[in-house]
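Please load the model in a viewer and keep the selection tool at hand. The stops below are best visited in the order given.

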Amino acid sequence: MNPATRLSLLKPSPIRAITDGTPPGAIPLGLGEPTWDLPEVARKALLREPGPCAYVPHAGLTELRRAVGSFHGAHLDEVLITTGSQGALFALFQAWVNPGSKVLVPDPGFVAYPALAHMAGAVPVPYSLSADRFRLDADALVAVLEATPDVSVVILNLPSNPTGGGGSLEALRRVAEACTARGVLLISDEVYRDLHFGLRSPSLRDVTDRGVVTSSVSKGWGAPGLRVGWAVGDPAWLVPARVVHGYAVTGTATPAQWAALALIEHSETVLAEARAAVQLRWEALAAALKVELGQVVSPPDGTFYHFMPLPPSAQVDPLAFALKLRDEAKVVLIPGLAFGEGGRGHARLSFAATPEQLCEGVRRLAPYWND
Ligand SMILES: Cc1ncc(COP(=O)(O)O)c(C=O)c1O
C-alpha cells in the first residue's frame with residue numbers, strides 16, 4: 001500500500017527521533033507545552049452545559065468569536081474558531097496555497113510550516129532570521145519574496161518557536177506592505193505572544209488588518225489539550241478556510257469552546273499567572289546556567305524556549321549529540337537543526353518544565369558543555 005504521493009515529501013520529524021525512546025528518568029526539556037494546571041475557570045466551564053452536547057456553527061461559538069475578536073480588536077466576522085491554531089494553519093494553507101506555489105517559512109522555524117506546505121502540494125522556501133537573537137529580519141524576508149516567483153503564503157512567527165525571537169513594529173510593517181503589494185497571504189502565528197518577559201511582541205494587527213493572525217489557548221492560557229485556536233483577519237481570507245475546516249472537522253468540541261471562552265474572559269488573571277509561572281522557571285534556568293555552565297543569559301522576547309548555543313564539537317552532528325545527551329546524561333533537548341539548517345548551531349531547551357527539573361537538567365548537561 002502506498003499513501004498519497006504528496007505525503008512522500010514529508011520527512012519524519014527529528015523531534016520524534018529524539019523524544020521517542022526517551023529513557024526512564026530522563027528530564028524532559030524538549031516538550032513545548034505548559035506544565036502548570038489548567039486554570040480553574042476552564043475546568044468549571046467544561047462541565048457547564050446540561051442536556052445535549054450539540055454542534056455549534058462551523059465558524060465557532062458566537063460568544064467565543066466575540067471574545068476572541070475583542071481580544072484582538074477585531075469584528076465578529078473577522079474571527080474563525082479552529083481546532084488549535086494548527087487547525088487554522090491547515091485550513092488556510094488548503095484554502096490559499098496552490099500546488100507548485102511557494103510558501104515562505106522562517107529558518108529556523110516551527111516544524112509544521114514546511115509540512116503543511118508539502119501537504120498542500122507547495123514548496124517551502126526558507127528565509128533567515130536576524131543574526132542578533134534570531135528576530136524577524138525584514139530585509140532578508142523581503143529579499144527572498146522579491147527573488148521567488150509564485151509565492152502564495154508568507155508565514156511569520158513572533159515570538160518564535162524555537163528561538164524566542166520577536167521583531168519590531170517597523171519590520172512587521174515592511175513585510176506587511178510587501179505582501180499586500182503582491183497579493184500574498186501573510187499569516188502571523190502569534191501563539192506565544194502573551195508569554196513575554198515584560199515587553200509584548202508587536203502583532204500583525206498593529207500594522208494591518210489585511211493579513212491573518214493565528215493563535216490559540218494552548219500556550220499563554222495554558223490549555224493545549226482543549227484544542228481551541230483561531231484565525232483573525234480579513235473575512236475574504238477566512239471564508240474559504242472556514243469551508244475547509246468545516247469539511248475537515250465540522251467544528252471544535254463544544255465544551256472545549258466554552259472552556260476557552262472562560263479563559264479568554266479571565267485573560268487578565270490567567271495570562272498574568274502564566275507569565276509568573278514562566279518567569280519563575282526562567283529565573284531557575286538562568287541561575288542554573290550561570291552556576292553550572294558559567295553562562296550569563298537574557299530572556300527571550302517571548303515563549304518558554306531558550307535557544308542554546310551548542311559546543312562547537314557538537315555542531316558537526318547535532319542529532320547524534322542530542323541522542324547522546326538523552327541516553328547518557330538523561331536530558332532531552334531538541335537539536336536546532338530539527339527546525340531548519342539555520343538552527344544547526346543551537347539546541348532548543350524548553351523551560352516549561354518545573355524549576356526542579358531545570359536545575360537538575362542543567363547540572364546533568366554541564367559536563368557536555370564544559371569538556
Ligand atoms: C509556533 C507554533 N505555532 C502553532 C502551534 C500549534 O499549537 P496549537 O495547535 O496547540 O495552537 C505550535 C505548537 O507547538 C507552535 O509552537
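The tour goes from the whole chain to the sheets, the helices packed on them, and some backbone details.

**The whole model**

Begin with everything displayed, bearing in mind that this is a predicted model. The protein contains 12 helices and 12 strands. Its C-alpha trace spans about 55 × 50 × 50 Å along the principal axes. For 371 residues, a compact globule would have a radius of gyration near 21 Å, and the 20 Å found for the protein therefore agrees with that expectation.

**The seven-stranded sheet**

Select the seven strands that form an open sheet, in the order β2-β8-β7-β6-β5-β3-β4. Their pairing is mixed. At the edges are β2 (79-83) and β4 (123-128), each of which pairs on one side only. From one strand to the next, the twist averages 25 degrees.

Now narrow the selection to residues 151-157, strand β5, and residues 185-189, strand β6. These two strands run parallel and are joined by five bridges. To locate one bridge, pick Val 154 and look across to its partner in β6, Leu 186.

**Helices on this sheet**

Add residues 84-96, helix α4. This helix lies across β2, β3 (102-107), β5, β6, β7 (212-216) and β8 (228-233), and runs at about 110 degrees to β2. Next add residues 235-249, helix α8, which lies across β2, β6, β7 and β8. The direction of α8 is at about 30 degrees to β2.

How do α4 and α8 pack together? Their axes are 8 Å apart, at an angle of about 105 degrees. An angle of 65 to 115 degrees counts as roughly perpendicular, and α4 and α8 are therefore roughly perpendicular to each other. To display the contact, show the side chains of Gly 87, Phe 90, Ala 91, Leu 92, Gln 94, Ala 95 and Trp 96 in α4, together with Ala 236, Trp 237, Leu 238, Pro 240, Ala 241, Val 244 and His 245 in α8. By class, the contact of α4 with α8 has 11 nonpolar residues, three polar ones and no charged ones.

**Helices α3 and α9**

Move to residues 62-72, helix α3, and residues 254-265, helix α9. The two pack with axes 9 Å apart at an angle of about 30 degrees, which makes α3 roughly parallel to α9. Their crossing is left-handed. On the α3 side, the contact is made by Glu 63, Leu 64, Ala 67 and Val 68. On the α9 side, the residues to select are Gln 257, Trp 258, Ala 260, Leu 261 and Ile 264. By class, this contact of α3 with α9 comprises seven nonpolar, one polar and one charged residues.

**The three-stranded sheet and its helix**

Select the open sheet of three strands, ordered β9-β12-β11, in which the pairing is antiparallel. Its edge strands are β9 (305-309) and β11 (334-335), and each pairs on one side only. Five bridges join β9 to β12 (residues 346-350), and the two run antiparallel. Pick Pro 309 and look opposite to find His 346 in β12.

Helix α10 can now be added; it lies across β9 and β12, at about 20 degrees to β9. Extend the selection with helix α12, residues 355-370. The axes of α10 (residues 267-293) and α12 come within 9 Å and cross at roughly 30 degrees, which makes α10 roughly parallel to α12. Here the crossing is right-handed. Among the residues that meet are Leu 280, Ala 284 and Leu 285 in α10, and Leu 358, Val 362 and Trp 369 in α12. By class, the contact of α10 with α12 has 12 nonpolar, one polar and three charged residues.

**Backbone details**

Which loop holds Pro 159? The loop is the one between β5 and α7 (169-182), and a cis peptide bond joins Leu 158 and Pro 159, with omega about -15 degrees. Pro 162 is also found in the loop between β5 and α7. A cis peptide bond joins Asn 161 and Pro 162, with omega about 20 degrees.

Finish at Arg 133, in the loop between β4 and α6 (138-147). Its phi is near 65 degrees, a positive value in a residue other than glycine.

Definitions and conventions
Residues are numbered from 1 along each chain as its sequence is written. This is a predicted model: local features need pLDDT of at least 70, side-chain atom pairs count only at pLDDT 80 or more; totals for chains, interfaces and linings use all residues. Side-chain values use heavy atoms; hydrogens and water are left out. Two strands pair if DSSP finds at least two bridges between them. Helices (H or I, at least four residues) and strands (E, at least two) are DSSP runs, numbered from the N terminus. Axes are lines fitted to C-alpha atoms, for helices over the stretch in contact, and angles run from 0 to 180 degrees between N-to-C directions. Contact means heavy atoms within 4.5 Å. Angles under 35 degrees count as roughly parallel, over 145 as roughly antiparallel, 65 to 115 as roughly perpendicular and the rest as oblique. A crossing is left-handed if the near helix is turned anticlockwise from the far one by less than a right angle, and right-handed if clockwise. Ala, Val, Leu, Ile, Met, Phe, Trp, Tyr, Cys and Pro count as nonpolar, Asp, Glu, Lys and Arg as charged, and the others, Gly among them, as polar. The radius of gyration is taken over C-alpha atoms; the globule rule is 2.2 Å times the number of residues to the power 0.38.
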